[in-house]
Amino acid sequence: MEKVKAALFDLDGVVFDTEPQYTVFWGAQCREFHPEHPGLEHEIKGQTLDQIYDAWFNGELLAVRPLLTQRLNDFEREMDYRYITGIEDFIDYLHKQNIKTAVVTSSNQVKMNSVYRKHPEFTSLFDAILTSEDFEYSKPHPDCYLKAAARLGATPTECVVFEDSFNGLKSGRAAGMTVIGLATTNSAEAIAPLCDQVIKDYKIEEYGRIFSK
């Protein structure tokens with residue numbers, strides 16, 4: 001506990017239980033524009049919008065990007081941003097331990113404004129909120145987590161990263177930080193090789209495990 005100065009959280013699948021909703025959204029888009037590739041929505045889990053566009057919406061499909069972006073913005077405006085079980089109490093626990101907290105997300109400000117409308121208290125939970133506009137490189141590059149650590153005045157070895165996606169886990173590890181994997185988007189077995197520990201939520205009994213090393 002004494003060496004941990006900052007806890008850095010991804011957003012979707014880590015703070016909010018939103019990944020099932022994104023699977024529904026992208027499932028509909030993929031069936032419309034890539035009917036030849038069933039199940040594509042599961043393959044693109046955890047990828048940024050730019051990564052999805054670069055891989056699957058080029059060439060003849062380049063023209064549909066504005067339509068997809070508008071659909072996504074509309075969808076995110078109405079999403080159910082339900083907290084992962086125990087996250088609010090866990091954040092309170094961290095602050096009582098004088099551990100700073102930050103959200104480090106590939107989401108943009110348009111989406112975050114939707115979050116703030118649904119959860120006016122959100123900004124008071126964290127010491128910093130970093131979005132895609134703050135980063136030069138996307139996950140799995142470590143840029144976002146290194147910038148978050150610097151913002152909070154912590155070194156990488158003083159930070160714990162909470163992630164659920166493969167790219168996010170790789171990003172935290174590349175930054176040289178302790179990585180806790182949330183088995184919310186992918187199975188515990190699948191993410192275990194990319195993190196130091198795996199948890200399913202933030203119930204009080206998990207606290208000891210998180211800070212046991």
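How much space lies in the largest pocket of this structure? In this predicted model, the volume of the largest pocket comes to about 770 Å³. Of the 37 residues that form its lining, Gln47, Thr48, Leu49, Ser106 and Ser107 are the closest to the centre. Several helices contribute to that lining: α1 (19-33), α3 (49-56), α4 (65-77) and α9 each provide at least two residues. Sorted by class, the lining of the largest pocket consists of 15 polar, twelve charged and ten nonpolar residues.

Let me now turn to the chain as a whole. Its secondary structure amounts to eleven helices and six strands. The C-alpha trace spans about 55 × 35 × 30 Å along its principal axes. The radius of gyration of the chain is 17 Å, and this agrees with a compact globule, because a globule of 213 residues would have a value near 17 Å. Of the 213 residues, 51% are buried. Among contacts with a separation of 6 or more, 63% are between residues 24 or more positions apart. The chain exposes about 9,900 Å², of which 52% is supplied by carbon and sulfur atoms.

I come next to helix α8, which covers residues 143-151. Which of its residues are buried? They are Asp143, Cys144, Tyr145, Ala148 and Ala149. These buried residues pack against four strands, namely β1 (6-9), β2 (100-104), β3 (128-130) and β4 (159-163), and against helix α9 (166-174).

The backbone on either side of α8 deserves attention. In the loop between β3 and α8 we find Pro140, and the peptide bond that joins Lys139 and Pro140 is cis, with omega about 20°. Just after α8, Gly153 adopts a positive phi of about 70°. Further along, the loop between α8 and β4 holds Glu158. Is Glu158 buried or exposed? Glu158 counts as buried because its relative accessibility is 16%, and the cut-off for a buried residue is under 20%. Leaving aside neighbours within four places in sequence, Glu158 is in contact with Lys3, Val4, Lys5 and Ala6.

Another backbone feature concerns Asn98, in the loop between α5 (87-96) and β2. Asn98 is a residue other than glycine, yet its phi is positive, near 60°. For context, most residues other than glycine have a negative phi, and most peptide bonds are trans. Asn98 has a relative accessibility of 68% and therefore counts as exposed, the threshold being over 50%.

My last residue is Lys118, which belongs to helix α6 (residues 109-118). Because its relative accessibility is 39%, Lys118 counts as partly exposed. Which residues does Lys118 touch, not counting those up to four places away in sequence? The partners are Arg77, Glu78, Met79 and Tyr81. Lys118 and Lys200 are 82 residues apart in sequence, and their C-alpha atoms are 24 Å apart in space.

To close, I return to the pocket. Its volume is about 770 Å³, and among the residues closest to its centre are Ser106 and Ser107.

Definitions and conventions:
Residues numbered from 1 in each chain as written. Predicted model: local features only at pLDDT ≥ 70, side-chain atom pairs only at ≥ 80, totals over all residues. Heavy atoms only, no water. Buried < 20%, exposed > 50% of the residue type's maximum accessible area, 1.4 Å probe, protein only. Contact = heavy atoms within 4.5 Å. 1 Å grid on protein atoms, 1.4 Å probe; cavity = no way out; pocket = protein on both sides within 12 Å on 5 of 7 lines; lining within 4 Å. Points joined across faces, edges and corners; volume = space filled by probe spheres on them. Nonpolar A, V, L, I, M, F, W, Y, C, P; charged D, E, K, R; others polar. Rg over C-alpha atoms; globule rule 2.2 N^0.38 Å. Areas by Shrake-Rupley, 256 points an atom, 1.4 Å probe, with all protein chains shown as cover.
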